[in-house]
Amino acid sequence: RIIKAENRKSIVFFCVDVEHCLRVSRELMKYKVYAPWLTAKTDSLDRFRMLEDFRSGRLHAICNVQVLTEGFDAPCIDCIVLLRPTLSAGLFSQMVGRGLRLHEGKSDCLVLDFANCIDEHGPIDLLGSDLRTVTAICQQCRESFSRAAKVCPACGWEIPKQEIERLERTESE
């Protein structure tokens, strides 16, 4: 629902393995989201057609396993769905990086992290730095967000001053 609510047009799902990729693709079909699966074993002609359809906007979503992490360029991607964990900061950067290219009509890229990659590596813009990000949990809707934002992006709840001070102490430790 969030993808449709956000009006996302070019979505890449990063899956754990081939079986998971097939299951995700089939599950999405139940919700009228056509997201074919792409793996290293996908026929090269089928792969070419699928990626051309995706780049042109005829195909809005695609599920993949270790295929679209590097060497793939589709600046139109405006949503990344992380369904696979990784301990590799480089792989995390490559997956999210698929959606960070500039493209006419695209103002941002929604990253849905169901694999706790951001918890593992931190926000993509702090990757490789020694800076830590302290996460706040909204007391109204339970959304997690950076303490630095001070306001929940989902519902507008403001972090109370005492909680900001406590989080700042945690951040400086």
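Begin by selecting Phe14, Cys15, Asn64, Val65, Gln66, Thr69, Arg84 and Met95, the residues that line the largest cavity. The model on display is a predicted one. The volume of this largest cavity is about 30 Å³, and one cavity of 30 Å³ or more is counted.

**Stop 1: Asn64, in the cavity lining**

Keep Asn64 selected from the set of lining residues. This residue lies in strand S3. Is Asn64 buried or exposed? Its relative accessibility is 0%, so Asn64 counts as buried. Display its side chain next: it reaches the backbone nitrogen of Val67 at 3.2 Å. Then add the contacts of Asn64 beyond its neighbours within four places in sequence, namely Val12, Phe13, Phe14, Cys15, Cys21 and Leu38. Phe14 and Cys15, like Asn64, also belong to the cavity lining.

**Stop 2: Thr39, between S2 and H3**

Move to Thr39, which is found in the loop between S2 and H3. Although it sits in a loop, Thr39 is buried, with a relative accessible area of 4%. Which residues should be selected around Thr39? Apart from neighbours within four places in sequence, its contacts are Val18, Arg47, Val65 and Val67. Val65 has already appeared in the cavity lining, and Val67 supplies the backbone nitrogen reached by the side chain of Asn64.

**Stop 3: the largest nonpolar core**

Now select Val12, Phe54, Ile62, Leu68 and Leu82, which touch the most other members of the largest nonpolar core, a set of 23 residues. Two or more residues of this core come from each of strand S1 (11-14), helix H3 (44-56), strand S4 (79-82) and helix H4 (89-97). H4 gives the largest share, four residues.

Centre the view on Leu68. With residues up to four places away in sequence left out, Leu68 touches Val12, Phe14, Leu38, Leu51, Ile62 and Arg98. A second, separate core can then be brought up: 15 residues, including Val24, Leu28, Ala35 and Val81.

**Stop 4: helix H4**

Select helix H4 and colour Leu91, Phe92, Met95, Val96 and Gly97, which are buried. What do the buried residues of H4 pack against? Their packing partners are S1, S4, S5 and H5. Met95, one of these buried residues, also lines the largest cavity.

**Stop 5: helix H2, from cap to end**

Select residues 18-30, the 13 residues of helix H2. At 1.5 Å a residue, a span of 18 Å is expected for H2, and the end C-alpha atoms are 19 Å apart, which agrees. At the N-terminal end, show Asp17, which caps H2 through a side-chain oxygen 3.3 Å from the backbone nitrogen of Glu19.

Along the helix, the buried residues are His20, Cys21, Leu22, Val24, Ser25 and Leu28. These buried residues of H2 pack against S1, strand S2 (37-38) and strand S3 (61-64). Cys21 has been met before as a contact of Asn64, while Val24 and Leu28 belong to the second core. Just after H2, select Lys32, which takes a positive phi of about 65 degrees.

**Stop 6: two asparagines with positive phi**

Select Asn7, in the loop between helix H1 (2-5) and S1. Its phi is positive, about 55 degrees, although the residue is not a glycine. Asn7 counts as exposed because its relative accessibility is 51%, and the cut-off for exposed is over 50%.

Go on to Asn116, in the loop between strand S5 (110-113) and helix H5 (117-121). Asn116 is likewise not a glycine, and it has a positive phi of about 60 degrees. Its relative accessibility of 47% means that Asn116 counts as partly exposed.

**Stop 7: the whole chain**

Finally, clear the selection and show the full chain, which has six helices and seven strands. From the N terminus on, these elements run α-β-α-β-α-β-β-α-β-α-β-β-α. Along the principal axes, the C-alpha atoms fill a box of roughly 60 × 35 × 30 Å. What percentage of the 173 residues is buried? Buried residues make up 39% of the chain. Of the contacts between residues at least 6 apart in sequence, 60% join residues at least 24 apart.

Technical notes. Residues are numbered from 1 along each chain as its sequence is written. This is a predicted model: local features need pLDDT of at least 70, side-chain atom pairs count only at pLDDT 80 or more; totals for chains, interfaces and linings use all residues. Side-chain values use heavy atoms; hydrogens and water are left out. A nonpolar core is a set of buried Ala, Val, Leu, Ile, Met, Phe, Trp, Tyr and Cys residues joined through side-chain atoms within 4.5 Å. Buried means under 20% relative accessible area, exposed over 50%, partly exposed in between (1.4 Å probe, protein chains only). Contact means heavy atoms within 4.5 Å. The expected span of a helix is 1.5 Å times one less than its number of residues. A polar contact is a pair of N or O atoms within 3.5 Å; within protein, one must be able to donate a hydrogen and the other to accept it, and residues adjacent in sequence count only if both atoms are side-chain atoms. On a 1 Å grid over the protein atoms alone, a cavity is a set of points where a 1.4 Å probe fits but cannot get out, and a pocket is an open set with protein on both sides within 12 Å along at least five of seven lines; lining residues have an atom within 4 Å of a point. Grid points are joined across faces, edges and corners, and a volume is the space filled by probe spheres set on the points.
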